[in-house]
Amino acid sequence: MINVAFVCLGNICRSPMAELIFKNMVKERGLSSSFRITSFGTSDCEEGNPIYPPAKKTLIMHGIAGNHTAVQLTLKDIKNNDYILVMDGSNLFDVLRITDGGYDEKIFKLCSFTDNVRDVADPWYTRDFERAFYDIEDGCKGFLEFLLKEKAEAFKYDKYN
Ligand code: 4NP
């Protein structure tokens, strides 16, 4: 079982988009039972709120359904996951503040798994939800390829191609 937590600031735009995009991606590969996939915000500013409607609409336009309720990230969540995938440098700073610099071997920027390492710009400010979708999808693809290559033993009870 691979435990993956996507993290952004509010947990209403980017990280729940990543959670649902990645869940959909592993489902299409027949790998769902190998994963526990969740998402969190570094801030409590949106705690208890659903996915922001423009983010949800963008997911639906790409054929991805699902819900999420915003939750603030704690040290326990970091301990309980194998991969903490943040959206940008500011999230990384906030997560490292929670860990006091520990657990850095499991904390990555999502788009560091792509050929074009970059931040996922926050659509809360850019209003470009489509751009966020493609950056997140690209990061998720790269992350899954990394796991299939480097962690193949984790999938031995799942069929994949
Ligand atoms: P997210 O976007 O971190 O991608 O969920 C944001 C959502 C809410 C706020 C900022 C960013 N906010 O300031 O309330």
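Contact here means that heavy atoms lie within 4.5 Å. The structure is a predicted model, in which local features need pLDDT of at least 70 and side-chain atom pairs count only at pLDDT 80 or more, while totals for chains, interfaces and linings use all residues. Residues are numbered from 1 along each chain as its sequence is written, and side-chain values use heavy atoms, with hydrogens and water left out.

**Ala-55 and Ser-39**

Ala-55 is placed in helix H2; helices (H or I, at least four residues) and strands (E, at least two) are DSSP runs numbered from the N terminus. With neighbours within four places in sequence set aside, Ala-55 is in contact with Ile-12, Cys-13, Met-17 and Phe-129. Its relative accessibility is 0%, so Ala-55 counts as buried (buried is under 20% relative accessible area, exposed over 50%, partly exposed in between, with a 1.4 Å probe and protein chains only). From C-alpha to C-alpha, Ala-55 and Ile-2 are 26 Å apart, with their positions 53 residues apart in sequence.

Ser-39 belongs to strand E2 and is buried, at 1% relative accessible area. Its contacts, again without neighbours up to four places away, are Phe-6, Asn-11, Ser-15, Pro-16, Glu-19 and His-68. The side chain of Ser-39 makes a polar contact of 2.8 Å with that of Glu-19 and another of 3.3 Å with that of His-68. A polar contact is a pair of N or O atoms within 3.5 Å; within protein, one must be able to donate a hydrogen and the other to accept it, and residues adjacent in sequence count only if both atoms are side-chain atoms.

**The ligand**

Residues around the ligand include Cys-8, Asn-11, Cys-13, Cys-45, Asp-122 and Tyr-125, where being near requires a heavy atom within 4 Å. The shell has seven nonpolar, two polar and three charged residues; Ala, Val, Leu, Ile, Met, Phe, Trp, Tyr, Cys and Pro count as nonpolar, Asp, Glu, Lys and Arg as charged, and the others, Gly among them, as polar. Polar atoms of three residues and their distances to a ligand oxygen atom are listed here.

| Residue | Polar atom in | Distance |
|---|---|---|
| Leu-9 | backbone | 3.0 Å |
| Arg-14 | side chain | 2.8 Å |
| Glu-46 | side chain | 3.0 Å |

Taken alone, the ligand exposes 360 Å², and the protein buries 90% of that; the areas come from the Shrake-Rupley method with a 1.4 Å probe.

**Nonpolar cores**

The largest nonpolar core has 39 residues, and Phe-6, Ile-21, Phe-22, Phe-35 and Ile-136 have the most contacts inside it. Such a core is a set of buried Ala, Val, Leu, Ile, Met, Phe, Trp, Tyr and Cys residues joined through side-chain atoms within 4.5 Å. Among the elements that each supply at least two residues are strand E1 (2-8), helix H1 (14-28) and helix H6 (129-150). H6 gives the most, with nine residues. A second, separate core of nine residues includes Val-7, Leu-73, Val-86 and Ile-107.

**Positive phi**

Most residues other than glycine have a negative phi. Asn-11, in the loop between E1 and H1, has a positive phi of about 65° and is buried, with 0% relative accessible area. Arg-127 also has a positive phi, near 65°; this residue is in the loop between helix H5 (123-126) and H6 and is partly exposed, at 43% relative accessible area.
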